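Here are a few exercises to work through with a structure viewer open. Try each one before you read its solution.

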Amino acid sequence: MKKSICAAVAVAIWGFSSPALAQQQVNYTVSFENAVHHEAQIQAVFQGVKTPVLEVRMSRSSPGRYALHEFAKNVYSVQAFDSQGKPLAISRPNLHQWNVSGHDGTVRITYTLFADRPDGTYAGVDAHHAKLNAPATFLYANGFEQAPARVEFKTGDKTQWTAATQLKPEPNNKLVFTAPNFQYLMDSPTELANLQWREWNVEDKGRTQQIRIAMHHQGTEQELEDYTTKAKRLVTQAQAVYGELPSFDFGTYTFLACYMPGTPGDGMEHRNSTSITSSRPLRTGMSGNLGTLAHEFFHAWNVERIRPKSLEPFNFADANMSGELWLAEGFTSYYTDLLMHRAGIINPDEYLQAAADEVGYVLYAPGKNYFSPVEMSMQAPFVDASRSVDPVNRHNTYISYYTFGSAVGFGLDLTLRTRFQGVSLDDYMRLLWQRHGKPEKPYTLPDLEQALADLTKDPAFAKDFFQRHVYGKELMPYESLAKNMGVVLRLARPGKAELAMEALQFANDQATLMSGTHIGSPLYKAGLEREDILLAINGKKLKDQKTLNEVLAKYKPGQTVQLDIEQKGVKKQVAVTLMQDPKIEMVLLEKTGQTLTPEVKARREAWLGSKTVQ
C-alpha cells in the first residue's frame, strides 16, 4: 500500500487527525444469519457526509490481483436510510455504484452479500466459516478515503468462531476491529471460524514482533505442529535474505490458512498478513501448502513494501497495469522453492527439478518470441484470474510473469554469483529493500537497473542485462550458468519421441484436442487445432494414453507416423513428424560422474545453503 499508510496508522492510533477528518467515520456490521446459503448481511454507516449525493461503490479489483472481478455482481437488497431511519432515494449511475441523496449527513446502507468462493480474491460464507476479502465484501464511499473504519462481526450462535485479520483489534471485543483508512481496510482480509492458533515472537533489530498462524482445517494437532515448525524456518530464511523483518503495523503478522474440502487453491499477500487457501489437507499437501506460505511471506518485502510505482495508488475502480511484475511476482516465485530448500523442507533434487520445470517451460514456450518480461507483466489484467468467453491464443503468445520472472531471477542470481565475487540476488533484493522497501519509496524500471549497476559497480553490465533480458526477449545461457554452479541442465528423456504437448482427452476410442496447438509442435505443423479428433495412430485406435505411449515407444524423434483425424466432421489422414520430448532436468554435477571442484562446490553451497540472519 501507499507510503501514507504509516502516517495514517499513527493518526488512527494516537488520534492526531484534523477536525474535518475526525467528523468522518465508517462503521460496518457483518452478520451471518443465512450462512448455510452463503449469505452475509452487512450494514455500512457513513458519518460526516459532506456532499449532497453520497457515491457508494463496490470495488472492481483487489490488492494483489491485477484483473477486474466485478464484485458488485454479488451484492443485492441494497437499502439506504438517514440517521433517523428514514428511507433514502438510491439511483444507479453504473453497475458498480449507488448514489444516495436526501441524507442528513449520515447514511446507513444495508445489503446482502452472496459469498461462495472462499479464496484470497473473493468471499466465502457457509455454516463452518466466513472468509472475507475486503474488496469483495465492503461497499465504500467516494470522499471517505481517509476516514477511519470500524468493523464488527456478529457470529450469533457460532460462539466457537474467532477472527483472524490484520485489522487492529479493539481491546475489549475480539470481534471488533479498526482500520486507519480506506486503503488499509481494503487490504485486510478476515477469516472467521473455529480457528486453531499458533504464534511465536521474533527478535529483530532490537524489537520484538509476533508471527501468528490462524488455521482452519480438519487435520491433527501434530500436523499443525509440524506445519508451524516448518513455517518458522521459512520465516527465518526469508528474513535472512533481507537482513531484517519489515516493521509490521501493530507489531504482528498473521497467516490466514484455510485447508478445508472444496476450498479453491490460492495465496494472496497483504501488508501484515496473507491469505492461503487449498483443499489439500496437511496430511497429503504439507509441502505444497508451505510453498504458498513461503511465496506469500516473501511478498511482505517484495510487493508490499518494495513496490512498483505502477501499482500506486491501487485503483479499485479499474485494473493497474504494471511492467514490473516479472520482478514483483517472478522473483518471489524464484525464491519460493529456494527458501523451501534452504529451510530443509525439500531436498536438492526436488529443488533443482522445480527450477528446471520453470526454466524448461520458458525455453520451450513460443510466447517468449512475442513479448519481453516487461510486456508479459503488462498482460496481467487479461490473465490474472480473469475470464474470457472467446478463445485466445495465449498458449502461443504468453508466458506467465511468475514463470518468466522466476527464470530471469534464476539466471540473474547465477550470473551474479559467477561473475561478481561475493555478490548474489540476495544482495540485490537487500539493496532494493534499503532503497525502496524500508522507506516505502515506489520504484520504476530505471530504478531497478540503477540498483543493479550500483550493486555490481558495472553500469554497462546492468544496462546490457536489462536491454537483452528484461526489455528484450533474449534468453539467458542457462546451461552454462548451471554448470558454473555444479549443476547439469540436460534433456530429461533424450531420444523419447513425443506426438502432442497439448492436452488430449481420451474417450470412445479417440482423443480430442482440448486446447489450441503450440507453434512448432508436431500437431501444429500437421495443421491440427482445438477440438480436432485423433482417431488412430498408424491404424491403431487411440483408446487411451497408454495405447499412445506404446506406439510412440517404437519411434525416435524425427520419425513420421500416420494419424487418422477428424476436423469439423471431415475425416482424413495426415503425416506427423515426432519431436524430442522437451522436458529438461537439472542434476548435481557429481551425479553425472563428473568432478566437482572446491571452488564450484563453495559457490553452490553459498547459493543453496541455509542462511542465518545477519
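The exercises below deal with a predicted model, going from helices to a sheet and then to the cores.

**Exercise 1.** Work out whether the span of helix 4 (residues 221–242) agrees or disagrees with what its residue count leads you to expect.

*Solution.* Start with the count: helix 4 has 22 residues. The expected span is 1.5 Å times one less than that number, and this comes to 32 Å for helix 4. Now take the end C-alpha atoms, which are 32 Å apart, so the two agree. Step just past the helix and you meet Gly243, with a positive phi of about 90 degrees.

**Exercise 2.** Describe helix 8 (residues 348–364): its reach, its start and what its buried residues pack against.

*Solution.* First, the reach: its 17 residues run 24 Å from first C-alpha to last, close to the expected 24 Å. Next, look at the start, where Asn347 puts a side-chain oxygen within 3.0 Å of the backbone nitrogen of Asp349. Then pick out the buried residues, among them Tyr351, Leu352, Val359 and Val362. Finally, find what the buried residues of helix 8 pack against: helices 7, 12, 16 and 19, plus strands 21 and 30.

**Exercise 3.** Decide whether Thr252 is buried or exposed, and list what it touches.

*Solution.* Locate Thr252 in strand 18 (residues 252–259). Its relative accessible area is 18%, and the cut-off for buried is under 20%, so Thr252 counts as buried. Leaving out residues up to four places away in sequence, Thr252 touches Gln210, Arg212 and Asn272.

**Exercise 4.** Find which strands stand at the edges of the open sheet with order 8-9-15-12, and say why.

*Solution.* The sheet has 4 strands, paired antiparallel. Strand 8 (123–125) and strand 12 (162–165) each have a single partner strand, so one side of each is left without a neighbour in the sheet: those are your edges. From one strand to the next, the twist averages 10 degrees. Now zoom in on strands 12 and 15, an antiparallel pair with 4 bridges. Here Thr165 stands opposite Thr190 of strand 15.

**Exercise 5.** Place Trp607 in the largest nonpolar core and trace its contacts.

*Solution.* That core has 97 residues, and Trp607 is one of those with the most contacts inside it, along with Tyr227, Trp326, Tyr351, Phe410, Tyr428 and Met429. Setting aside neighbours within four places in sequence, the contacts of Trp607 include Tyr351, Leu352, Phe410, Asp413 and Arg417. Apart from this core lies another, of 55 residues, including Val26, Ala40, Val107 and Leu113.

Definitions and conventions:
Residues numbered from 1 in each chain as written. Predicted model: local features only at pLDDT ≥ 70, side-chain atom pairs only at ≥ 80, totals over all residues. Heavy atoms only, no water. Helix = DSSP H or I, 4+ residues; strand = E, 2+ residues; numbered from the N terminus. Buried < 20%, exposed > 50% of the residue type's maximum accessible area, 1.4 Å probe, protein only. Contact = heavy atoms within 4.5 Å. Polar contact = N/O pair within 3.5 Å; in protein donor to acceptor, adjacent residues only side chain to side chain. Pairing = 2+ DSSP bridges. Axes fitted to C-alpha atoms, helices over the stretch in contact; angles between N-to-C directions. Core = buried A, V, L, I, M, F, W, Y, C linked by side-chain atoms within 4.5 Å.
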